[in-house]
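User: I would like a close look at one part of this protein, set against the overall fold. Please keep it plain.

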Amino acid sequence: MKKIYCLLFLIVFVACQKKSKHQEVNELFQADITSLIEKVAKLKYSVQEDSTESQIQKQFLEAHKNYKKVEMISEYYSPSVSKSINGPAIPEFEENDKVTVAPEGFQVIEELVFPKYDKKNKKELIQELGVLSANLIRLEKVSNTNELTDAHVFDAMRLEVYRIITLGITGFDSPVVLNSLPEALTSLESIEKYYHVYLKDQSVSNAKQVVQLLENGKKYLKSNTNFNAFDRAYFIKEILNPLSKGLFKTQSELGIPLMKEQRGLKVTAQTLFDQDAFDPEAFSGFPDYKTTPEKIALGKKLFNDPVLSGNNTRSCASCHHEDKAFTDGLERAVALDGKSMIQRNTPTLTNIAFQRVFFADSRVSYLEDQAVAVIKNENEMHGSLEKSALAIQKNAAYVKEFQKAFPKGEINEFAIKNALASYIRSLSQYDSKFDRFMQNKTTFTVDEKAGFNLFAGKGKCATCHFIPLTNGTVPPNFDRSESEILGVPDKNKKLDGDLGKFVITQAAIHKHSFKTPTIRNIELTAPYMHNGVYKTLEEVIDFYNEGGGLGKGFDVPNQTLPEDKLNLSDLEKKQLIAFMKTLTDKKYSEKRE
């Protein structure tokens with residue numbers, strides 16, 4: 001009898017000791033960190049021992065490939081550490097501390113190793129590898145405190161699929177050597193490894209389909225290794241979109257809940273290209289900013305009413321024409337005095353809600369503040385929201401609409417700016433041919449498809465205009481928006497004198513820095529650039545093709561745009577434009593047709 005009790009106790013004890021799925025995942029993750037630390041140590045030793053260039057380059061690629069094994073969980077739980085390990089090789093300005101922080105990590109090391117390794121950089125390279133090693137040890141320590149759940153793991157797996165689409169196969173984090181495709185293979189293998197943990201002792205109806213998609217993806221990456229020729233349109237539509245859907249379905253079948261948080265990219269999105277994948281409310285900032293149909297209707301009326309300007313002659317619509325995707329077709333708008341010009345080109349308002357900063361110099365973070373800044377600007381509208389509120393209070397029709405839109409019916413500065421912002425947020429609805437193509441609702445022409453593959457590949461457009469928003473809001477978390485230094489010329493073919501973001505931050509690295517705008521509806525928003533210097537898309541593409549300002553010989557030491565020529569053929573330029581025209585919203589493209 002005692003033996004039976006002992007046996008039962010042992011069975012219960014073993015059952016209690018059985019690892020949870022997410023614990024298994026964390027153990028796999030920690031083992032991969034250990035391997036990564038060893039790979040970087042090996043690379044550092046090779047540099048110290050003056051190994052051949054090919055050996056050092058090979059070991060770098062091996063080490064970075066190993067980072068892709070930990071990327072999924074590392075980026076999810078430790079984004080700041082991950083940025084130190086694999087962030088862009090560009091200095092950053094810490095606005096709170098007013099200091100410029102030098103870049104560090106794999107991308108800095110990549111530039112020291114490729115395309116040629118110069119032993120003159122040995123000391124700097126060893127130093128950078130030492131910093132990288134320290135950050136990896138830091139990652140190892142913080143990983144011990146990760147509180148993984150199954151919901152977190154599945155969320156991280158889908159985000160990794162989105163990361164492959166937006167940052168992986170576009171070459172974002174392998175800008176010099178363009179080793180993105182082999183690294184995407186490693187990312188898929190990591191997803192596969194974690195996914196199989198959840199198939200043990202559990203029945204999932206779509207498991208075979210998901211595993212097959214992973215196999216197909218790996219096979220495709222192995223047999224299509226040319227970065228410029230890679231068919232990203234096919235890979236996203238036939239492999240990655242179905243994969244993220246499959247992961248979503250598996251999670252549902254296993255009864256694993258979705259994360260309960262409001263994010264720019266909704267947790268309920270099954271693919272990056274779902275009709276309502278993005279939540280404009282998550283970008284708006286505060287609960288009382290919430291958009292409603294009543295606020296939208298009121299905001300539209302205010303948008304078209306000159307009552308908001310100082311002399312009652314100009315409305316928001318004066319410079320934002322709906323038929324031009326809410327631009328004005330001018331290099332720069334005429335100022336309120338009717339003689340001078342506004343400093344910068346009028347930006348589109350369509351599809352701008354999915355950003356974290358506004359204005360070319362990134363000076364405000366919410367649409368409400370953007371509206372206020374324009375109304376109060378003496379050259380634009382020279383208005384006063386307080387005075388406008390007093391005037392509106394005397395209008396019976398407005399009083400009724402404010403009562404519908406706001407609980408207390410108050411007509412004040414907050415209500416006016418919130419109504420305007422609500423209307424502008426309503427203009428962000430992705431329904432272009434590109435969106436329908438990614439949703440399998442239409443097909444691309446040969447040139448449109450080739451243009452997309454150029455946009456996300458050889459042309460390097462998608463490394464700044466991130467898919468699918470095509471603005472500078474960084475995926476897959478979409479929690480910050482970037483600005484870039486391009487070296488844009490003025491009409492006299494000299495470097496434009498506008499210092500951009502530098503005027504706000506006074507940081508040297510921000511001289512001539514401008515927010516990366518959306519290129520949705522770009523065929524309607526000419527002229528282009530912050531100063532409207534280019535009249536056609538052909539001119540814009542030529543500028544990038546030549547390497548921006550540095551390519552033109554300008555003195556732009558902080559240029560973030562690569563100065564290397566893209567070497568686009570005339571056909572490729574036409575194909576790029578063909579794709580960009582697929583970004584036009586349906587209501588505009590139907591009129592065109």
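How many helices and strands does the protein have? After that, please take me through helix H2: which of its residues are buried, and what covers them?

Analyst: This is a predicted model. The protein has 23 helices and four strands. Its radius of gyration is 26 Å, close to the 25 Å that the globule rule gives for 593 residues, so the protein is as compact as a globular protein of that length. The C-alpha trace spans about 90 × 65 × 50 Å along the principal axes. Of the 593 residues, 54% count as buried. Among contacts between residues at least 6 apart in sequence, 68% join residues at least 24 apart. The protein exposes about 27100 Å², and carbon and sulfur atoms supply 52% of that area. As for charge, there are 79 positive and 79 negative charges, and their mean positions are 3 Å apart.

Now to helix H2. It runs over residues 21–48, and at 1.5 Å a residue its 28 residues should span 40 Å. The end C-alpha atoms are 41 Å apart, which agrees with that expectation. The buried residues of H2 begin with Lys-21, Glu-24, Val-25 and Asn-26. Further along, the buried set includes Phe-29, Asp-32, Ile-33, Leu-36 and Val-40. Leu-43, Ser-46 and Val-47 complete the list. An α-helix has 3.6 residues a turn, so residues three or four places apart point the same way. In H2, Phe-29, Ile-33, Leu-36, Val-40, Leu-43 and Val-47 are among the buried residues. The cover over the buried residues of H2 includes helix H3 (53–77), helix H5 (106–113) and helix H6 (122–143). Helix H7 (150–168) and helix H8 (180–197) are also part of this cover. Just after H2, Asp-50 takes a positive phi of about 55 degrees.

One of the covering helices, H5, can be followed in turn. H5 is mostly covered, with seven of its eight residues buried. The buried residues are Phe-106, Gln-107, Val-108, Ile-109, Glu-110, Leu-112 and Val-113. What covers them includes H2, H3, H4 and H6. H2 and H5 therefore each appear in the cover of the other's buried residues, if contact is taken as heavy atoms within 4.5 Å.

Helix H4, residues 79–86, holds Ser-84. With a relative accessible area of 14%, Ser-84 is buried, because buried means under 20%. Apart from neighbours within four places in sequence, Ser-84 is in contact with Glu-104, Gly-105, Asn-135 and Arg-138.

Two residues further along the chain can be set beside these. Val-307 lies in the loop between helix H12 (293–303) and helix H13 (367–376). Val-307 is buried, with a relative accessible area of 16%. Its contacts, leaving aside neighbours within four places in sequence, are Asn-312, Ser-388, Ala-391 and Ile-392. Val-399, in helix H15 (residues 396–405), is partly exposed at 24% relative accessible area. Not counting residues up to four places away in sequence, Val-399 touches Ile-392, Gln-393 and Ile-411. Ile-392 is thus a contact of both Val-307 and Val-399.

Notes. Residues are numbered from 1 along each chain as its sequence is written. This is a predicted model: local features need pLDDT of at least 70, side-chain atom pairs count only at pLDDT 80 or more; totals for chains, interfaces and linings use all residues. Side-chain values use heavy atoms; hydrogens and water are left out. Helices (H or I, at least four residues) and strands (E, at least two) are DSSP runs, numbered from the N terminus. The radius of gyration is taken over C-alpha atoms; the globule rule is 2.2 Å times the number of residues to the power 0.38. Buried means under 20% relative accessible area, exposed over 50%, partly exposed in between (1.4 Å probe, protein chains only). Accessible areas come from the Shrake-Rupley method with a 1.4 Å probe; for residues, only the protein chains shown count as cover. Lys and Arg count as positive and Asp and Glu as negative; His and the chain ends are not counted. The place of a charge is taken as NZ of Lys, CZ of Arg, CG of Asp or CD of Glu. The expected span of a helix is 1.5 Å times one less than its number of residues.
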